Amino acid sequence: MEIRFPKVGDHLKEAKEKVIIVGCHLPDMDSYRFYNSMKELASLTETSGGEVLKSVIQKRERPDPAFYLGKGKMEELGHLIEELEADAIIFNSELTPSQLRNLTDRLQVKVLDRTQLILDIFAQRAKSREGKLQVELAQLEYLLPRLSGKGIEMSRLGGGIGTRGPGETKLETDRRHIRKRIDDIKQQLKTVEKHRQRFRERRKKNQNFQIALIGYTNAGKSTLFNRLAVADSFEENRLFATLDPLTRKMVLPSGYRVLISDTVGFIEDLPTTLIAAFRSTLEEVKEADLFLHVVDSSNPYYEQHEKVVYQLLKELDSIHIPMITLYNKKDLIHPDFLPNHEANSLLISAFDEEDVLKVKLAIENQMLKNMDPFEVQIPVSEGKLIAKLKEDTILRKFIFNEEKLWYDCAGFIFSQQPLYKDLKKYMNGEGERHAT
C-alpha cells in the first residue's frame, strides 16, 4: 500500500472540496481568541482549495479522548456530512493518532486536523529544492505515528486537501521505509544547510546590515518586500503566500546598501514539526540586525497577531533584536484599530511610494543609533574607496574641493565595517597629506 502525494500545482486543476470545520471551545481559551482561530481555520481551508460549508463548535471541559467531540455532536456531524455531501472534515486542533483513526472509521470521509492543513498549504507553496524537502520531512514526521492501522484509509487518499506534497513521492506504510526516507531527507538538508551557512558567513565577513521582514501570515510582507527591494517575490492575498526565504539588496535614500529577507508568515499554534523542519527560514530571522514587523491594520484580530509574533520571537531567542513595527494596509484600516504607542512604529500602505520612502528613512534612523560619525578628505585618485563610501556608509556631506582635488566627506559608519579601517588613515585632516 502507498500514499500518493500529487505534484505541487495539481490543486489548481481540482474542483473545490466541500469542507465542514470543527472546533472544541475549551476553558483555557477565551471566546475572542477561539472564534478568531475558527475564522483563521476557514481562511486556511480556502487557501488550500476547500469550500467551507459549515462550522461546528462544541464547548467542552476537555476533548473526548476517542472522538474529540461528544456523542451528541458526533451524531450531528454525521447528519451534516450526509445532508451537505461534505468531502472532508477539518478539526481546529491536532488530533491524536487514535482520534484520527476513530473519526475516519466512524464518519467515512476524509478527516484532517489543523497541522495537516498547514502542511498541505506549505506543500503548495514550496518552490525550491530545500523547501520541498522540508515539506516532505514535516509530512513524514507527522504521518509516522499515524500509520498504524490506517493503511487502507490512507491508500484511498487520491488527491485534494491534506494529500499534496512536493512531487510524486511514494510512501510505503512500513515504518522502516519511512524512517529511512526521513534519514535521507535530513542528510540532503544538511548539505543544503552547509551551502546556506557559507552564504551567511560571507555576509557576516562583508558585514552586511541584514533586515528581516517578519509578521503574521497575510500581513503584506511580500508586497512590501517587492516595493523595498524591487524584487519579484510571490504576492497574493492568501495565507502563507511566501514559503521559501528570499534575500535581496535594498538601497536606502543615502545610497547605503543593505540586505533584506522576506520570511514565511507566523501563525498561531504553528505545528512543532514545521518549526523544526523550517529551521533554515527561522535562522534567517535570527541572523537579522533589524526586524521590520508588518502588522495588518485592517484585521480585527491584529493585536492577537502581534502577540503571536512576539511569543514566537521569544521562543527563537530573538526578542532582543531591534524592531520597527509597520502597521500596513492603512487604506483599509479597521475602525477599532489603535497602534501600540510603545512600539517604534509607522502607519503605511505598501502600495504608497511615499510610505515606502518613509520606511527606508526609518531604517536609516534606526541604523544611525549604532553607527559612529566620521569626517574625512578622500583624494580623487581613490575612486574605489569613494564608491564603497557611497554604498557602505550613510553620507551626510559629499563635496568636491576643486583646489585640493579631494572630496570632503562626512557621515556615519559601523565600526565593525572593513571600510572603517580604510577610512581611519584619512581622518583627522590627513586627507591633504595623502592627496599630496
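I began with the handedness of one helix pair: α4 and α5 cross in a left-handed sense. This is a predicted model, so I read every value as computed from it.

**Entry 1: α4 and α5**

I looked up the two axes next. Those of helix α4 (residues 114-125) and helix α5 (residues 129-143) come within 9 Å and cross at roughly 160°. Angles over 145 degrees count as roughly antiparallel, so α4 is roughly antiparallel to α5.

Which residues of α4 and α5 meet? From α4 I listed T115, Q116, L119, F122 and A123. From α5 I listed V135, A138, Q139 and Y142. I then sorted this contact by class: six residues are nonpolar, three are polar and none is charged.

**Entry 2: α1 and α4**

I turned to the contact of α4 with helix α1 (residues 31-47). The α1 and α4 axes are 10 Å apart, and the packing angle is about 40°. That angle makes α1 oblique to α4. The crossing of α1 and α4 is left-handed.

On the α1 side I noted S37, E40, L41, L44, T45 and T47. They meet R114, L117, I118, I121, Q124 and R125 in α4. How do the residues of this contact divide by class? I read five nonpolar, four polar and three charged for α1 with α4.

**Entry 3: the four-stranded sheet**

I traced the strand order as β3-β2-β4-β5. The sheet is open, and its four strands pair in parallel. Why is one side of β3 and of β5 left without a neighbour in the sheet? β3 (50-59) and β5 (110-113) are the edge strands, and each has a single partner, so one side stays unpaired. From one strand to the next, I read an average twist of 25°.

I checked one pairing in detail. Strand β2 (residues 17-25) runs parallel to β3, and nine bridges join them. Within this pair, I20 stands opposite K54 in β3.

I then looked for helices on this sheet. Helix α2 (residues 71-84) packs on it and touches β2, β3 and β4 (88-91). The direction of α2 makes about 165° with that of β3. Helix α3 (residues 97-107) lies across β4 and β5. I noted its angle to β5 as about 150°.

**Entry 4: the six-stranded sheet**

I followed another open sheet, with six strands in the order β8-β9-β7-β10-β11-β12. Its pairing is mixed. Which strands stand at the edges? They are β8 (246-251) and β12 (345-347), and each pairs on one side only. The strand-to-strand twist averages 25° in this sheet.

At the β12 edge I looked up the pairing with strand β11 (residues 323-328). Three bridges join β11 and β12 in the parallel sense. Y327 has L347 in β12 as its bridge partner.

Helix α11 (residues 302-315) packs on this sheet. I found it touching β7 (210-215), β10 (290-296) and β11. The direction of α11 makes about 155° with that of β10.

**Entry 5: salt bridges**

How many salt bridges does a search of the whole structure find? The count is 13. I opened one of them, between R181 and E136. The closest N and O atoms of this pair are 2.9 Å apart. R181 sits in helix α7 (residues 175-205) and E136 in helix α5. They are 45 residues apart, and I noted the pair as a link between distant parts of the chain.

Conventions
Residues are numbered from 1 along each chain as its sequence is written. This is a predicted model: local features need pLDDT of at least 70, side-chain atom pairs count only at pLDDT 80 or more; totals for chains, interfaces and linings use all residues. Side-chain values use heavy atoms; hydrogens and water are left out. Two strands pair if DSSP finds at least two bridges between them. Helices (H or I, at least four residues) and strands (E, at least two) are DSSP runs, numbered from the N terminus. Axes are lines fitted to C-alpha atoms, for helices over the stretch in contact, and angles run from 0 to 180 degrees between N-to-C directions. Contact means heavy atoms within 4.5 Å. Angles under 35 degrees count as roughly parallel, over 145 as roughly antiparallel, 65 to 115 as roughly perpendicular and the rest as oblique. A crossing is left-handed if the near helix is turned anticlockwise from the far one by less than a right angle, and right-handed if clockwise. Ala, Val, Leu, Ile, Met, Phe, Trp, Tyr, Cys and Pro count as nonpolar, Asp, Glu, Lys and Arg as charged, and the others, Gly among them, as polar. A salt bridge is a side-chain nitrogen of Lys or Arg within 4 Å of a carboxyl oxygen of Asp or Glu.
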